[in-house]
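Below is a short note on the model, set out as numbered points. It covers a surface patch, a helix pair and the salt bridges.

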Amino acid sequence: MMGQPIPTITKNLLIINGLFFLATIVFQSKGINLSVILGAFYPGSPNFESWQLVTHMFMHASYPNISHILFNMFALWSFGSAVETTIGQTRFLKLYLFAGFGGFFLFNLVNYIEVSQLQKLVVADGFSISEIYELSKMNISGEYRTSELIKNNINADSLQRQFTTPMVGASGAIYGLLLAFAVLYPDAKLALIFFPVGIKAKYFIPVLILFELFMGVRGYEWNNVANFAHLGGALIGFLYIRNWKKNLYRRN
């Protein structure tokens, strides 16, 4: 797509994401953490609001961390432009949003399983879930209350983290575009910066998905990436574009 105009929806999504990032910087300077308002919390958290299902897709890690938004926007431009040109504006926007929702739901389905297990352990440890819930309510700066007892108990601390850690980023939607691109252009060659050898999309993308699954299942403490959000977006992207291709062949 180099040298060609950026398709309308892709361009507007790039602009919206950029505006959200600028707003994050501006509000951050005023002591307001927009991730608390617009990031997506676990639905059982006191910080969850319904609009976060949409707004979290346009939020990214706070400045000075710009690698998150740069990677997602580069992928949006690279893959989104090709996919939008192929399937059209309306279908492309649906794909983007549906993949983002898919990321949210799979990520929080996994969270639900983890939270259910933690709640049983917390009760067994003598803690009140309602107390942890109340202490987890965050203010506009992103702060919340806790106690030394909670901090010193791995189960109670983990439960509170589930209530106070928002998911941000367009990655679920982006992974939907990646899978759509792989289905539409299976023989297109892709390469990584640190591995500049072209690999066909039909091989490259599945390996990437397997890596995401491995990282999600392993659940390393140092890994703060929402791998299951990526996988949820990828699944919806694959199903959506596969259905579109089937209907296209039927019409022809």
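**Notes on the predicted model**

1. Leu-22 sits in helix H1, which spans residues 8-29. The model is a predicted one. Together with Ile-15 and Leu-19, Leu-22 makes a nonpolar patch of about 290 Å² on the surface.

2. H1 also packs against helix H5 (residues 89-124), at an angle of about 40° and with 9 Å between the axes. An angle from 35 up to 65 degrees falls outside the parallel and perpendicular classes, and H1 and H5 are therefore oblique to each other. On the H1 side the contact involves Thr-8, Ile-9, Thr-10, Leu-13 and Asn-17. H5 contributes Gln-89, Phe-92, Leu-93 and Tyr-96.

3. How many salt bridges does a search of the whole structure find? The search gives five. Points 4 to 6 take up some of them.

4. Glu-134 and Lys-137 form a salt bridge in which the closest N and O atoms are 3.0 Å apart. Glu-134 has 37% relative accessibility and counts as partly exposed. Lys-137, at 42% relative accessibility, also counts as partly exposed.

5. Lys-151 pairs with Glu-148, and here the closest N and O atoms are 4.0 Å apart. The cut-off for a salt bridge is within 4 Å. Both residues belong to helix H7 (residues 148-151), where they are three residues apart, about one turn of the helix. Are these two side chains classed as exposed or partly exposed? Glu-148 has a relative accessible area of 52% and is exposed, while Lys-151 is at 48% relative accessibility and counts as partly exposed. The boundary between the two classes lies at 50%.

6. A salt bridge joins the side chains of Lys-202 and Asp-187, at 3.1 Å from N to O. Lys-202 is in helix H10 (residues 201-218), whereas Asp-187 is in the loop between helix H9 (171-184) and strand E1 (189-192), so the pair ties together parts that are 15 residues apart in sequence. Lys-202 is partly exposed, its relative accessible area being 36%. Asp-187 is partly exposed as well, with 46%.

7. Which residues are linked with Asp-187 in a network of salt bridges? They are Lys-200 and Lys-202. The Lys-202 pairing described in point 6 is the one that ties helix H10 to the loop between H9 and E1.

Technical notes: Residues are numbered from 1 along each chain as its sequence is written. This is a predicted model: local features need pLDDT of at least 70, side-chain atom pairs count only at pLDDT 80 or more; totals for chains, interfaces and linings use all residues. Side-chain values use heavy atoms; hydrogens and water are left out. Patches are made of residues with over 30% relative accessible area and no salt bridge: like charges are joined within 9 Å, nonpolar side chains (Val, Leu, Ile, Met, Phe, Trp, Tyr) within 5 Å. Accessible areas come from the Shrake-Rupley method with a 1.4 Å probe; for residues, only the protein chains shown count as cover. Helices (H or I, at least four residues) and strands (E, at least two) are DSSP runs, numbered from the N terminus. Buried means under 20% relative accessible area, exposed over 50%, partly exposed in between (1.4 Å probe, protein chains only). Axes are lines fitted to C-alpha atoms, for helices over the stretch in contact, and angles run from 0 to 180 degrees between N-to-C directions. Angles under 35 degrees count as roughly parallel, over 145 as roughly antiparallel, 65 to 115 as roughly perpendicular and the rest as oblique. Contact means heavy atoms within 4.5 Å.
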